[in-house]
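I am opening a notebook on a structure that is new to me, and I will put down what I look up in the order in which I look it up.

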Amino acid sequence: METSDNVFYKWGSGIDPKLPDIDRAYDEFLVTADGRELIDAAAGAAVVNLGHSVPGLEKVVADQLDDVAYISTSHFTSDATRQLARQLTDRAPGNLNAAFLTNSGSEANESAIKLARAYHRERGDPHKYKIIGRWQSYHGATLGALSASGNISRRTTYEPLLHDWNHIPPAYPYRWTYDGTPEEQAVAAARELETAIRQAGAETVAAFIAEPVSGSSIPAAHPHSVYYQEIREICDEYNVLFIADEIMTGFGRTGPLFAMERYNVVPDVLTVGKGMSAGYTPISAALVHEEIADMFAADKNASFAHGHTFSGNPLSAAIASHVLKQYTNEVLETGRNRGKQLAEALEPLCDHPMVGDFRRAGAMIGLEFVADKETKEPFDPDLNVYKRIYEQAMRRGVYTYPGSGSVKGVAGDHLMLTPPLTISEESIDTIGEVVVDSVKEVADSLAIEGKFQR
């Protein structure tokens, strides 16, 4: 029976009969109120990296509640908070030896942006404040993070409120028009950053922010490793901080613990969230290079004037600490194997005329759909191809992560698959079968409508 729903959803308040009511979850399954089981092939929103049944959390929560759940980290600290910071920095690459704790991915990126400004100001460069991002990127819903983002659909309504910062083309090899080998194309794409810095005025640019492997805007798109090596050199040359947004790609999603390890490049700030607590509590962090953190040491009479009420609260810290212990080498290896298995299960789509690009980074897969495989022409956005495929998969019991706008922010349909790293082999095979069948079903429907030539 439907009851009154007073939640203000992002599309408005009231009951939406199309929205499944999830009653409980376990392992890789979501169970609706009417008892239907769905395979969570998206890990929520690339969050539940360890599935819905991490063992031992009940005791961790109970013990921490018995000790202390909340403190103001402006005035106090706790063992749980310090332990989490140690775990994060011990496993972070390079000299990212300080963890600034926040509550969400948006907050982590907003903090990184403000930190870049504060850092340059403390160093005697008060004119450095601009952030350069990439088109078709997404860094969060807060105004600073959204200003740096290049996701057109998310920006449009709030455009008058956003900073007029530069953006460069995305790291999107499938649609690059640069000449040469993959390495040469990657270098050419990276050099767009140098052009943007010069156009903005190098003396005004504080940081460049990018997703090492693109998330929901261009799922699983990633360049040759020389791209980020070139980015690192450009940032160093122009005294620009490099912020790597690993909110979605961190904690085993793309193979290693952090996606930047794929490129052997260390950023100045690495932001993490989502898999940091695997969905068990809101928490995130900006992992900061020790040289930047040292600028705000107490004995230097400088402070980072920024923070959030619930940042680093002991309860969330204890939960995240327990979750981080689960990311063993064995679990990371299992995630890589499941990603490979899923790619093999989806192999029939590689030659499908509607699948323009098939991308994978670890247990993160992106399928891009096109009306013409040879020309890479996207579908008319009004056809809602991504929604149709999503709905077909849901009818078959598999929840996926659909999206659009990868082509110039307007056209372009895609599907992202980010199952839990711990998902069973049986469920992986089911996901593959369902997605293959769903794509074929939608292609057949579009062909009947005269909108697609098979």
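Entry 1, aromatic rings. I began with the rings, and in this predicted model the count comes to 14 aromatic pairs. The pair I looked at was W176 and Y178, whose ring centres lie 5.8 Å apart with the planes at 70 degrees, and I noted it as edge-to-face because planes over 60 degrees apart count that way. I then checked whether these two residues are buried or exposed. Both W176 and Y178 turn out to be buried. Following the ring pairs outward, I found that they link W176, Y178, F208, Y227, Y228, F242 and Y263 into a cluster.

Entry 2, charges over rings. I looked next for charged groups that sit over rings, and I wrote down R154, whose charged end sits over the ring of Y138 at 4.0 Å from its centre. I also wrote down K376, which lies over the face of Y174, 4.5 Å from the ring centre.

Entry 3, salt bridges. I reminded myself that side chains of opposite charge can pair when their charged atoms come close. My search of the whole structure gave 15 salt bridges. One of them joins the side chains of E368 and R175, with 2.9 Å from N to O. This pair links distant parts of the chain, since E368 is in strand 14 (residues 364-369) while R175 is in the loop between strand 8 (167-168) and helix 7 (182-200), and the two are 193 residues apart. I looked up how far each partner is covered: E368 has 0% relative accessibility and therefore counts as buried, whereas R175, at 22%, counts as partly exposed.

E368 also forms a salt bridge with R359, where the closest N and O atoms are 2.9 Å apart, and I noted that both E368 and R359 are buried. Which residues belong to the network of salt bridges that includes E368? I listed R175, D357, R359 and E368 as its linked members.

For a pair inside one element I turned to helix 7, where R191 and E194 both lie, three residues apart, or about one turn of the helix. Their side chains meet in a salt bridge at 2.3 Å, N to O. I recorded R191 as partly exposed, with a relative accessible area of 26%, and E194 as buried, with a relative accessible area of 12%.

Entry 4, strand 11. I then followed strand 11 (residues 269-272), from which V269 and T271 point one way and L270 and V272 the other way, and I noted that all of these are buried. How do strand 10 (residues 241-246) and strand 11 run, parallel or antiparallel? They run parallel and are joined by four bridges, and within this pairing A244 stands opposite L270. Strand 12 (residues 284-288) runs antiparallel to strand 11, again with four bridges between them, and here I found V269 opposite V288.

Entry 5, surface. Last, I looked for nonpolar side chains on the surface and found a patch formed by L143, Y158 and L161, which together have about 310 Å² of accessible area. I placed Y158 in the loop between helix 6 (152-155) and strand 8, and I recorded Y158 as partly exposed because its relative accessible area is 44%.

How values were computed. Residues numbered from 1 in each chain as written. Predicted model: local features only at pLDDT ≥ 70, side-chain atom pairs only at ≥ 80, totals over all residues. Heavy atoms only, no water. Buried < 20%, exposed > 50% of the residue type's maximum accessible area, 1.4 Å probe, protein only. Pairing = 2+ DSSP bridges. Salt bridge = Lys/Arg side-chain N within 4 Å of Asp/Glu carboxyl O. Patch = residues over 30% accessible without salt bridge, like charges linked within 9 Å, V, L, I, M, F, W, Y side chains within 5 Å. Areas by Shrake-Rupley, 256 points an atom, 1.4 Å probe, with all protein chains shown as cover. Phe/Tyr/Trp six-rings, centres within 6.5 Å; stacked < 30°, edge-to-face > 60°. Lys NZ or Arg CZ within 6 Å of the ring centre and 35° of its normal.
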